[in-house]
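Open the model in your viewer and keep the selection panel at hand. The stops below go from one selection to the next.

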Amino acid sequence: MLVPAHPIDEVARVHALRTLNLLDSEAQERFDRYTRLARRAFGVSIALVSLVDSERQWFLSRQGIDATQTPREVSFCGHAILGPDTFVVPDAQLDHRFADNPLVLGDPYVRFYAGRPLMTPDGHRVGTFCIVDPKPRDMDGEDLALLDDIGVMVEDDMAQRARAMTDALTGISNRRGFVALSDQVLALCRRAGRGAAMCFIDLDGFKGINDTHGHAEGDLVLQQFAALLVQTLRESDVIARLGGDEFGVLMTGAVDIRTVRRRLGAAVKAHNRTSGKPYQLACSVGTMPFRPHSHGSAAELLADADSLMYADKVARRSAAQARISRVNTAFGPGFAGLPMDDLQRN
């Protein structure tokens, strides 16, 4: 058996897949209609919308099979995503790559496979639309064209869902997408006994930037801050613009909250030193550890992090006012106007 290689864009590909917020989701009629259609049109026993995750393939839609996923290392779809064209195996028993594959030797006894890669709008192959049968067969040009047509429709529906879950200005998840994906991630953390933490971030003084420099400049600030979060945090962290000047981050695994805050603070300072802007970026942060017994949903965890963020903002404002008061006492009123561009309060 030949284990499928990883595409050269594997890290970005898996990130793009998870951003779709489709993994481990409930069955959806919009995708089931395509697998039903394909099963009838091609006269095969199995039709699937398969998403290839880092270590598994998971079936977004399935007809003719009970399994919801298989290991990636035995998947035919893992091979199919390595190229742009439909991947066809006329008879797996005669193909050295698959002859001893457990999916060929045992249930569902795959002989024929054809998988049309499914691409995201930014060009990452995240899975396949595939048909499978226990009898060998060939695909002619008309068959390939029909499979491609159905694959295009599946891609369109996936793209529509992605747009509904993505913030158009920054390109990261919006609140709806963030909560949906975070609920899935927290469910996995709960089952696996893994830790997690939620950050709620609010830009300080953003209204003043909008009022003074215009909304176009405000939009640029939001885009730059979103990019700063993506560059500073881990690839496994879920990042979103929640609305307005508010951002959310869900971190999993071992999370050192103080280190995260220091790294983000250093990134903000570095940006301010090189931006050449007449204003300074600053933000308040609330970070809440995930407590499985008290946080039943991502929304509840986010609400607790929001409360901590507000407390952080009040404390930072009070500290800044105290500094200004001390400077004015020493040098006279109007001397101090200190930027709040750090995140040193832990």
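Axes here are lines fitted to C-alpha atoms, for helices over the stretch in contact, and angles between them run from 0 to 180 degrees between N-to-C directions. With that in mind, select α5 (141-164). Helix α5 lies across β1, β4, β5 (112-119) and β6, and its direction makes about 40° with β5.

This is a predicted model, so colour it by pLDDT, the predictor's confidence in each residue. The protein chain averages 89, and 92% of the residues score at least 70. Over residues 335-346 the pLDDT is below 50, although this stretch has 35 contacts in the model beyond near neighbours in sequence.

**The sheet**

Next, show the strands as a cartoon. In what order do the strands of the open sheet run? The order is β3-β2-β1-β6-β5-β4, six strands with antiparallel pairing. At the edges are β3 and β4 (87-89), each of which pairs on one side only. From one strand to the next, the twist averages 25°.

In general, strands of a sheet pair through backbone hydrogen bonds, either parallel or antiparallel.

**β1 and its two partners**

Select β1 (46-52) together with β2 (56-63). These two strands, β1 and β2, are antiparallel and share six bridges. A hairpin of three residues links β1 to β2. To see the register, pick L48 and find R62 in β2 opposite.

Now add β6 (125-133) to the selection. The pairing of β1 with β6 is also antiparallel and has six bridges. Pick V49 here: its bridge partner in β6 is F129.

**β2 and the edge strand β3**

Select β2 and β3 (residues 69-71), which run antiparallel and are joined by three bridges. One position to label is W58, whose bridge partner in β3 is Q69. The hairpin of β2 and β3 has five residues between the strands, and in this hairpin G64 takes a positive phi near 90°. Is β2 mostly covered or mostly open? Strand β2 is mostly covered, with seven of its eight residues buried.

**Helix α2 on the sheet**

Select residues 29-42, which form helix α2. Its 14 residues reach 20 Å from the first C-alpha to the last, close to the 20 Å expected at 1.5 Å a residue. Which residues of α2 are buried? They are F31, D32, Y34, T35, A38 and F42. These residues cover an arc of only 155° around the axis, so they lie on the same side of α2.

To see what covers the buried residues of α2, show β1, β2, β6 and α5, which are among the elements that do so. Helix α2 packs on the sheet and touches β1, β2 and β6, while its direction makes about 75° with that of β2.

**The two ends of α2**

Step just past α2 to G43, which takes a positive phi of about 65°. Then go to Q28, in the loop between α1 (10-19) and α2. Why does Q28 count as buried? Buried means under 20% relative accessible area, and Q28 counts as buried because its relative accessibility is 14%. For a last selection, show the contacts of Q28: leaving out residues up to four places away in sequence, Q28 touches L22, L60 and R161.

Definitions and conventions
Residues are numbered from 1 along each chain as its sequence is written. This is a predicted model: local features need pLDDT of at least 70, side-chain atom pairs count only at pLDDT 80 or more; totals for chains, interfaces and linings use all residues. Side-chain values use heavy atoms; hydrogens and water are left out. Helices (H or I, at least four residues) and strands (E, at least two) are DSSP runs, numbered from the N terminus. The expected span of a helix is 1.5 Å times one less than its number of residues. Buried means under 20% relative accessible area, exposed over 50%, partly exposed in between (1.4 Å probe, protein chains only). The arc is that of the directions from the helix axis to the C-beta atoms. Contact means heavy atoms within 4.5 Å. Two strands pair if DSSP finds at least two bridges between them. pLDDT is the predictor's confidence in each residue, from 0 to 100.
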